[in-house]
Amino acid sequence: MAGSAEDWAVLDGHAAEAAPRLLGSLVVHEHPVEGRVAIRLTEVEAYQGPEDPGSHAHRGRTDRNRVMFGPPGHLYVYRIYGMHDCANIVCSPEGVGAGVLLRAGDVVEGLELARSRRPGARDRDLARGPARLARALGLDRSHGGTDLRVGPVTLHLADAPAGPVRTGPRVGLRLAADYPWRFWVDGDPTVSPYRPAAPKRRRP
DNA sequence: CTACCGATATTCT
DNA sequence: GAATATCGGTAGA
């Protein structure tokens with residue numbers, strides 16, 4: 001496993017400081033029968049517990065978010081809009097609920113397998129968006145709570161991102177949309193397109 | 001490339 | 001009962 005103990009300490013502080021450090025890092029899922037897919041992260045978002053109205057952890061511990069209140073360096077997977085799963089890395093000391101959402105990346109190993117999991121998608125779209133990334137990697141809610149030092153899902157921290165890092169508002173949030181806690185590698189084609197939060201639907 | 005729209009069920013009030 | 005850390009299709013510039 002790459003990354004010294006000192007490197008992993010970055011996951012034990014504030015999510016907004018850990019997030020840019022995750023860019024360029026590798027997330028690997030070794031599936032027992034299907035095989036291995038590795039993704040180099042190009043876009044992430046920080047969600048910092050109680051001080052962040054946009055975080056699932058803002059109102060305290062629940063059944064869904066309890067993993068975020070556990071030890072850092074574990075996987076938090078949630079379902080959104082009733083159909084998609086998205087993966088986060090817990091980035092806070094035990095007892096504090098915070099994490100970093102894996103928004104996009106580049107498939108650097110297991111291209112064939114990733115393609116088979118995302119039929120019809122162009123290669124650069126395989127992991128372009130949080131639910132797409134989770135799907136290309138073969139992740140679902142059953143992987144919630146995975147220790148990323150142990151597997152089958154592992155994190156390999158990079159020394160530095162593959163290019164200059166940019167910062168801006170997060171995607172799809174109505175609450176706290178102005179927090180500049182989205183981080184991405186500037187100019188990378190796998191970074192997801194920006195979409196503002198869906199406006200409140202008119203009542204019938 | 002951007003913009004809009006509908007599908008979907010889990011989660012929390 | 002309402003909201004949602006999204007995506008794929010279609011339309012248009």
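How many residues surround DNA strand C, and which are the closest? In this predicted model, 22 residues surround the strand, and the closest are Asn88, Arg118, Arg132, Leu173 and Arg174. A second strand, DNA strand B, has around it Arg59, Thr62, Arg64, Tyr81, Gly82, Met83, Arg124 and Arg141. The points below treat the two DNA surfaces, then Tyr78, the aromatic rings and Asp188.

**Surface near DNA strand C**

- Of the atoms of DNA strand C that come within 4 Å of the protein, 51% belong to sugar and phosphate.
- By class, this surface consists of 10 nonpolar, six polar and six charged residues.
- At least two residues of the surface come from each of β3 (75–80), β4 (84–90), β5 (98–109) and α4 (130–137).
- Helix α4 provides the largest share, with three residues.
- Two arginines reach phosphate oxygens of DNA strand C through polar side-chain atoms: Arg118 at 2.8 Å and Arg132 at 2.6 Å.
- A base nitrogen of DNA strand C lies 3.1 Å from a polar side-chain atom of His56.

**Surface near DNA strand B**

- Sugar and phosphate make up 60% of the atoms of DNA strand B that come within 4 Å of the protein.
- The residues of this surface comprise two nonpolar, two polar and four charged.
- The backbone of the protein takes part at two positions: a polar backbone atom of Tyr81 is 2.8 Å from a base oxygen of DNA strand B, and a polar backbone atom of Gly82 is 3.2 Å from a sugar or linking oxygen of the strand.
- For Arg124, an N or O atom in the side chain is 3.0 Å from a phosphate oxygen of DNA strand B.

**Tyr78 and its surroundings**

- Tyr78 belongs to strand β3, one of the elements that supply at least two residues of the surface near DNA strand C.
- Tyr78 counts as buried because its relative accessible area of 10% is under the 20% cut-off.
- Beyond residues up to four places away in sequence, Tyr78 touches His56, Arg64, His84, Asp85, Cys86, Asn88, Leu101 and Arg141.
- Among these contacts, His56 has a polar side-chain atom 3.1 Å from a base nitrogen of DNA strand C, whereas Arg64 and Arg141 are among the residues around DNA strand B.
- Tyr78 and Asp63 are 15 residues apart along the chain, and their C-alpha atoms are separated by 11 Å.

**Aromatic rings**

- The count of aromatic pairs comes to two.
- Tyr76 and Tyr78 form a tilted pair, with 5.8 Å centre to centre and 35° between the planes.
- Tyr76 is buried, at a relative accessible area of 1%.
- Tyr179 and Trp181 form an edge-to-face pair, with 5.1 Å centre to centre and 90° between the planes.
- Tyr179 is partly exposed, at a relative accessible area of 22%, whereas Trp181 is buried at 13%.
- A ring also takes part in a contact with a charge: the charged end of Arg182 sits over the ring of Trp184, 4.6 Å from its centre.

**Asp188**

- Asp188 is located in the segment after β8 (182–185).
- With a relative accessible area of 16%, Asp188 is buried.
- Apart from neighbours within four places in sequence, Asp188 is in contact with Arg40 and Thr42.

Note on methods:
Residues are numbered from 1 along each chain as its sequence is written. Chains are lettered from A and ligands numbered from 1 in the order in which they are written. This is a predicted model: local features need pLDDT of at least 70, side-chain atom pairs count only at pLDDT 80 or more; totals for chains, interfaces and linings use all residues. Side-chain values use heavy atoms; hydrogens and water are left out. Helices (H or I, at least four residues) and strands (E, at least two) are DSSP runs, numbered from the N terminus. Buried means under 20% relative accessible area, exposed over 50%, partly exposed in between (1.4 Å probe, protein chains only). Contact means heavy atoms within 4.5 Å. A residue is near a molecule or strand if one of its heavy atoms lies within 4 Å of it. A polar contact is a pair of N or O atoms within 3.5 Å; within protein, one must be able to donate a hydrogen and the other to accept it, and residues adjacent in sequence count only if both atoms are side-chain atoms. Ala, Val, Leu, Ile, Met, Phe, Trp, Tyr, Cys and Pro count as nonpolar, Asp, Glu, Lys and Arg as charged, and the others, Gly among them, as polar. Rings of Phe, Tyr and Trp (its six-membered ring) pair if their centres lie within 6.5 Å; planes under 30 degrees apart count as stacked, over 60 as edge-to-face and the rest as tilted. A charge sits over a ring if NZ of Lys or CZ of Arg is within 6 Å of the ring centre and within 35 degrees of the ring normal.
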